[in-house]
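Visitor: I would like a close look at the disulfides of this chain. Please walk me through a few of the links, end by end, and then through what surrounds them.

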Amino acid sequence: GDCSSLCSPGFFSRPGSSVCTQCSLGQYQSASGAAECQPCTAGTFSAAGQTCLPCAAGSWVNITAATACVGCGVGTYGTATGAVNASAECLACVPGRYSSGTGGQGVEACSACSAGEFSTGSGGTACSACEVGSFSNQTGRATPCEGCAAGRFASAWGLTECSICPAGTYDSVGRATVCRGCGVGKYSTQEGQTSSDSCASCWAGSYSSASKSTGCTTCPGGAFSTMIGAGDCSSLCSPGFFSRPGSSVCTQCSLGQYQSASGAAECQ
């Protein structure tokens, strides 16, 4: 007989072998009749067979005879195949974008920060939510979020817009997390006010006991308030006097009438 049978590509045999052996992981042999296999070069890998495959974009390997490639880390991506150096060929996501997974292929592997978020550094793995008092209505924001303008506020993190200060409140500074109340004895009927000057004092004969009032309450009959900007109507008319609702003073009972009780709305 003879030894005319040759090992196929992807296999080899030692002298005196009766069978051919498949190339080990990380090695290759593209020719027939080989006595040994060759190690894959850096930047390539083999799962055993005829050829070594280049690392896909987003992965790399810097050793020979590799059986697999290593994915680019979080916050980075790769564009070249056959990469051998992570620091040179795994590129950082730019500010305003991030990547939370490994092995990102192409710049599209970095997602833009959503509205209400931002990322100021390169290689981001997540975006930060806008702080209270600020907002962002754009995607891919690479700078800190914009502060709310005077007359507006943001009480939660990650908002895409600021709310208008409601009637009865104001903000004169900006970046507000809550709007200031006009205060006891005052009121405001307009939204989005930027100054305490927008708050009016309750007129005599009325009051406001809350700090964020949109109107004043009329003093009830039998009570009165002489003060502008009163927080209550606790003063009662004395016996022999009365007051109608909304009065700033008490009126003496007319001749022929009387009132023996305090806080009366009319005489008898």
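Guide: What follows takes three links in turn, then some loop residues, the core and the pocket. Keep in mind that this is a predicted model.

Start with the chemistry. A disulfide is a covalent bond between the sulfur atoms of two cysteines. The structure holds 15 of them. Three are described here in detail.

Take Cys55 and Cys69 to begin with. Their sulfur atoms sit 2.0 Å apart, and the two residues form a disulfide. The S-S torsion of Cys55 and Cys69 is about -85°, so this link is left-handed. Now place the two ends. Cys55 is in the loop between strand E6 (53-54) and strand E7 (59-60), while Cys69 is in the loop between E7 and strand E8 (70-71), so the bond ties together parts that are 14 residues apart in sequence. How accessible is each end? Cys55 has 0% relative accessibility, so it counts as buried. Cys69 has a relative accessible area of 23%; the cut-off for buried is under 20%, so Cys69 is partly exposed.

While you are in the loop between E7 and E8, find Ala65, which also lies there. Its phi is positive, about 60°, although Ala65 is not a glycine. Ala65 is partly exposed, with a relative accessible area of 30%.

Next, move to Cys72 and Cys90. This pair forms a disulfide too, with the sulfur atoms 2.0 Å apart. Distant parts of the chain are linked here: Cys72 belongs to the loop between E8 and strand E9 (76-77), and Cys90 to the loop between helix H1 (86-89) and strand E10 (91-92), 18 residues apart. The angle about the S-S bond is -75°, and the link of Cys72 and Cys90 is left-handed. Buried or exposed, Cys72 and Cys90? Both Cys72 and Cys90 are buried.

The third link joins Cys113 to Cys127, S to S 2.0 Å. The torsion about the S-S bond of Cys113 and Cys127 is about -85°, so this disulfide is left-handed. Cys113 sits in the loop between strand E12 (111-112) and strand E13 (117-118); Cys127 sits in the loop between E13 and strand E14 (128-129). The two are 14 residues apart, and the pair links distant parts of the chain. Check the accessibility again. Cys113 is at 0% and counts as buried. Cys127 is at 18%; buried means under 20%, so Cys127 counts as buried.

One more loop residue deserves a look. Arg175 has a phi near 55°, a positive value in a residue other than glycine. Arg175 is found in the loop between strand E19 (169-170) and strand E20 (180-181). At 45% relative accessibility, Arg175 counts as partly exposed.

Cysteines also turn up in the core. The largest nonpolar core has 5 residues: Tyr207, Cys219, Ala223, Ala230 and Cys233. Look around Cys233. Setting aside its neighbours within four places in sequence, Cys233 is in contact with Tyr207, Cys219, Pro220, Ala223, Phe224 and Ser225.

Last, the largest pocket. About 250 Å³ of space lies in it. The lining of this pocket has 13 residues, and those closest to its centre are Cys3, Ser5, Cys7, Ser13 and Ser17. By class, the lining has 6 nonpolar, 6 polar and 1 charged residues.

Technical notes
Residues are numbered from 1 along each chain as its sequence is written. This is a predicted model: local features need pLDDT of at least 70, side-chain atom pairs count only at pLDDT 80 or more; totals for chains, interfaces and linings use all residues. Side-chain values use heavy atoms; hydrogens and water are left out. On a 1 Å grid over the protein atoms alone, a cavity is a set of points where a 1.4 Å probe fits but cannot get out, and a pocket is an open set with protein on both sides within 12 Å along at least five of seven lines; lining residues have an atom within 4 Å of a point. Grid points are joined across faces, edges and corners, and a volume is the space filled by probe spheres set on the points. Ala, Val, Leu, Ile, Met, Phe, Trp, Tyr, Cys and Pro count as nonpolar, Asp, Glu, Lys and Arg as charged, and the others, Gly among them, as polar. A nonpolar core is a set of buried Ala, Val, Leu, Ile, Met, Phe, Trp, Tyr and Cys residues joined through side-chain atoms within 4.5 Å. Buried means under 20% relative accessible area, exposed over 50%, partly exposed in between (1.4 Å probe, protein chains only). Contact means heavy atoms within 4.5 Å. A disulfide is a pair of cysteine sulfur atoms within 2.5 Å. Helices (H or I, at least four residues) and strands (E, at least two) are DSSP runs, numbered from the N terminus.
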